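Biologist: I should like a close look at a single part of this protein, namely its largest nonpolar core. Please explain to a first-year student which residues make up this core.

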Amino acid sequence: TCYEQETQQRSLEALAAEREQLQEQLEGLEPVPDGATRQIEQRLDELRREQSRLTAAVSDLQSVIQYNEEMLSESGGVSAALREAAGETATEAGRRSESPTDQLVEAGEQTIVCWTCGTDVTQDAIGGTIDRLRSLQQADRDRIEALGDRVESLEAERDELEDRRDTREAATRDLERVEREIEHRESRQATLQEHREEYQTR
């Protein structure tokens, strides 16, 4: 009937407008390359493993630094014990500490027995080693922070790719649905037109 044909025509016009809108949406969405998110996930795994390794290294360095600081603060007693173990008598140690040379050495340059190798070293040398360890530790912390920023950036990139892919897939499904509906209604409209022409020829 004329009414049904008019209804079909209005529906076709609305569907055509929706199809155009969906086509424009798809044109504005750049396709996501195959494997793009998988590559990002692999890179994220690598960065997180590196973060874990550096975090462990920072913890290990902290233990070493703390141990050396504690030993340095107790260096007098440690030196005496180690010298005694090495066979140096208290009298010999006293003579050595009372020598003119030792009396001229500043506090920071006083020698102590290294608790690692057992040789005489200055407190400044031990302090310098501790400072270098702190520098290494800080460099690792800075690297961990930089890795964290990179991880956040890649996670955001991955999320954007996934959202774009999901949006494209949804728009593609909608476009296919609209095109099927258009095809169905055009077929129905053609049938109605045939029936109308047959009716008019009677």
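Modeller: The answer below begins with the whole chain and then turns to the core.

This is a predicted model, in which local features need pLDDT of at least 70 and side-chain atom pairs count only at pLDDT 80 or more, whereas totals for chains, interfaces and linings use all residues. Residues are numbered from 1 along each chain as its sequence is written, and side-chain values use heavy atoms, with hydrogens and water left out.

The protein has six helices and two strands; helices (H or I, at least four residues) and strands (E, at least two) are DSSP runs, numbered from the N terminus. Read from the N terminus, the order of elements is α-α-α-α-α-β-β-α. Of its 202 residues, 24% count as buried, where buried means under 20% relative accessible area, exposed over 50%, and partly exposed in between (1.4 Å probe, protein chains only).

The largest nonpolar core has 12 residues: Val-32, Ala-36, Ile-40, Leu-44, Leu-47, Leu-54, Val-58, Ile-144, Leu-147, Val-151, Leu-154 and Leu-161. Such a core is a set of buried Ala, Val, Leu, Ile, Met, Phe, Trp, Tyr and Cys residues joined through side-chain atoms within 4.5 Å. Helices α2 (36-73) and α6 (123-201) each supply at least two residues of this core, and the largest share, six residues, comes from α2. In soluble globular proteins, nonpolar side chains tend to be buried together.

One member, Ile-144, touches Gln-51, Leu-54, Thr-55 and Val-58, not counting residues up to four places away in sequence; a contact means heavy atoms within 4.5 Å. There is also a second, separate core of eight residues, including Leu-12, Leu-15, Leu-22 and Val-178.

Thr-37 lies in helix α2. Thr-37 counts as buried because its relative accessible area is 15%. Leaving aside residues up to four places away in sequence, Thr-37 touches Arg-158, Leu-161, Glu-162 and Arg-165; Leu-161 is itself one of the core residues. Across the protein, 81% of the contacts with a separation of 6 or more are between residues 24 or more positions apart.

Finally, confidence must be considered. The mean pLDDT (the predictor's confidence in each residue, from 0 to 100) is 81 for the protein, and 73% of its residues reach 70 or more. Among the elements, α2 has the highest mean pLDDT (94), and helix α5 (residues 100-104) the lowest (39). Over residues 93-108 the pLDDT is below 50, and this stretch has 15 contacts in the model beyond near neighbours in sequence. Where pLDDT is low, the predicted coordinates should not be read in detail.
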